[in-house]
Amino acid sequence: MTQAEIKLCSLLLQEHFGEIVEKIGTHLIKTGSQPLRVIANDTGMSLDQVKKALCVLIQHNLVTYQLQKRGFVEYEASCSRVLRILRYPRYIYTAKTLYSDMGELIVEELLLNGKMTMSAVVRKVANRLTETMEDGKTMDYGEVSNTFVRLADTHFIQRCPMAPETTETSDAPPPPVPTLAVNEKDMYVVPNLNLIGKGKRRRSFDDEDDGEHKAKRQKQDADSKEPPPDDGIYWQANIDRFHQHFRDQAIVSAVANRMDQTSSEIVRTMLRMSEITTSSNAPYTQPLSSNEIFRSLPAGYNIVKQILDQYLTLLADDPLEFVGKSGDSGGGMYVINLHKALATLATATQESIVQERFGSRCARIFRLLLRKKHLEQKQVEDFAMIPAKEAKDMLYKMLSENFVSLQEIPKTPDHAPSRTFYLYTVNTLSSARMLLHWCYKSVANLIERRQYETKENKRLLEKSQRVEAILASMQATGAEEVQLQEIEEMITAPERQQLENLKRNVNKIDASENQVDETIFVLESYIESTVKKL
């Protein structure tokens, strides 16, 4: 684990959970698994603070625990899971794209809370949607439940592992830690709940009772409430399924750029047919016959069987090898080579970075080494058609930045330079790891810059929020236009300009974070796929 990863994890934890949770989480990431009292002793925090912080981290699947042989419990943080916080906006946007606003809010609630019961999610989402609707309109629980079921059916959300049920008559002491387990058959099975009701709006300030009466009413509600019918069945976002969707989208986009829209639609159909049957880390999709693909093409997509076969043959013969042929039954059996596709995407990312960093001639040499695998300096000059001095400078420049490596093959045991071949090559795996490290550093720098921008304009932001709150309350009470204008003029023209600049800068930083994360996803997926293959 690199320092860049630890720093980025620390920034993400601090931004989303605060200083105490960040301190505990970063400590566990640095030191590995530790028992409760050691964590409290090393961090200088009270046991109560450490317990609460660990509860938050466990709730969000960022920390795991296990019982050691000596009888004490050790806690271990997952760095890779903490880094996924960076991708939360993409998960939410994907849910919105596929399942509209209801899907977006369901996934958002699950990510914000870590784990929730279905009934709690449905109620909360219905209330949020009702608040955005016109007066007199409400969101029915049934509509939200249907979207929840669709998300579970497509595996975007899944059940959390549960502790086994214990009988109350048992005299045996409870175990030191619960053993959580989930049946794979039940992982995506939604409980049969008859959720009847509609979303509610928040009460206005005028309708609120004072604090004492409100607390009393809440206590009475809590006493009268029965446990929900799905009590104990918790749900969480299935991050692997979202990653599978991102990978499929990247492959479809690459095929569209390489060939045409029809080819990409055929590949999209093949991936959609395999998304449930193929595990997220499989090197190939399940074999699909030409007839199956033809029947599964989108309705209204006018393409005859003969043309489809020609397209499939063209895809199978393409040098990129995204699609492979695995048999002749059923009009031909075809698979998508997921590992090859990820390798091609990662290589294309590396090529574009070399071109941006060193120029088009260096990119030409880089592509040449990728194609030929091993070349001497003289061969690079001849094949790339670049003068010897320039080729030498470019090779050494990329060598110093670790984009290319030099392999020595001696003719004699003494390794004499005159009797040794010096071959340039590209190690795509080590290059991808280096670029991934750079990406982590870039995102950490972007987060720090955003925090700095916000801190520098803290006073102005607080003033703007106060003015907006006053405006909202006056509009609710039906204030005149002149009064509203006077309130708006509390923020001067220079301050308004400063707020606009801050908003523009923060939006640029957020967009940059998402773009860097797309590169991170491609590189991480390629590294994971390659390591498993090795």
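Helices, and likewise strands, are taken here as DSSP runs numbered from the N terminus, a helix having at least four residues and a strand at least two. In these terms, helix H6 spans residues 88-113 and holds both Tyr-88 and Tyr-91, which stand 3 residues apart, or about one turn of the helix. The structure described is a predicted model. Under the rule that ring centres lie within 6.5 Å, the count of aromatic pairs comes to 10. One of these is formed by Tyr-88 and Tyr-91, whose ring centres are 6.1 Å apart and whose planes make an angle of 45°, which places the pair in the tilted class.

The N-terminal part of the chain is considered next. According to an unreviewed UniProt entry, residues 7-65 are covered by the annotation "domain: RNA polymerase III subunit RPC82-related helix-turn-helix". In the model, this span is 76% helix and 8% strand, and its end C-alpha atoms lie 23 Å apart.

An open sheet of 3 strands is built in the order E1-E3-E2, with antiparallel pairing. Strand E1 (34-35) and strand E2 (63-67) are the edge strands; each has a single partner strand, so one side of each is left without a neighbour in the sheet. Strand E3 (residues 73-77) runs antiparallel to E1, and 2 bridges join these strands. Within this pairing, Pro-35 has Glu-74 of E3 as its bridge partner. The sheet is also contacted by helix H2 (residues 19-31), which packs on it and touches E1, E2 and E3; the direction of H2 makes about 95° with that of E3. On the other pairing of the sheet, E2 and E3 run antiparallel and are joined by 5 bridges. Thr-64 stands opposite Glu-76 in E3. The hairpin of E2 and E3 has 5 residues between the strands, and in this hairpin Gly-71 adopts a positive phi near 105°.

Strand E6 (residues 234-237) takes part in two antiparallel pairings, with strand E4 (residues 116-117) over 2 bridges and with strand E5 (residues 157-159) over 3 bridges. In the pairing with E4, Met-116 faces Trp-235 of E6. In the pairing with E5, the bridge partner of Ile-157 in E6 is Ala-237.

A further open sheet of 3 strands follows the order E7-E9-E8, again with antiparallel pairing. Its edge strands are E7 (288-289) and E8 (323-327), each of which pairs on one side only. Between E8 and strand E9 (residues 333-336), the antiparallel pairing extends over 4 bridges. Gly-324 has Val-335 in E9 as its bridge partner.

A second domain annotation concerns a later stretch of the chain. UniProt, in an unreviewed entry, places "domain: DNA-directed RNA polymerase III subunit RPC3 winged-helix" at residues 351-426. Over this stretch, the chain of the model is 55% helix and 16% strand, with the end C-alpha atoms 11 Å apart.

The last feature is the packing of two helices. Two packed helices are described by the angle between their axes and the distance between those axes. Helix H1 (residues 3-17) packs with helix H18 (residues 428-456) at an angle of about 35°, and the axes are 9 Å apart. The crossing of H1 and H18 is left-handed. On the side of H1, the residues in contact are Ala-4, Glu-5, Lys-7, Leu-8, Leu-11, Leu-12 and Glu-15. The residues of H18 that they meet include His-437, Tyr-440, Lys-441, Val-443, Ala-444, Ile-447 and Arg-450. By class, the contact of H1 with H18 has 8 nonpolar, 3 polar and 6 charged residues.

Technical notes: Residues are numbered from 1 along each chain as its sequence is written. This is a predicted model: local features need pLDDT of at least 70, side-chain atom pairs count only at pLDDT 80 or more; totals for chains, interfaces and linings use all residues. Side-chain values use heavy atoms; hydrogens and water are left out. Axes are lines fitted to C-alpha atoms, for helices over the stretch in contact, and angles run from 0 to 180 degrees between N-to-C directions. A crossing is left-handed if the near helix is turned anticlockwise from the far one by less than a right angle, and right-handed if clockwise. Contact means heavy atoms within 4.5 Å. Ala, Val, Leu, Ile, Met, Phe, Trp, Tyr, Cys and Pro count as nonpolar, Asp, Glu, Lys and Arg as charged, and the others, Gly among them, as polar. Two strands pair if DSSP finds at least two bridges between them. UniProt positions are given in the numbering used here, feature names are shortened, and annotations may be inferred rather than shown by experiment. Rings of Phe, Tyr and Trp (its six-membered ring) pair if their centres lie within 6.5 Å; planes under 30 degrees apart count as stacked, over 60 as edge-to-face and the rest as tilted.
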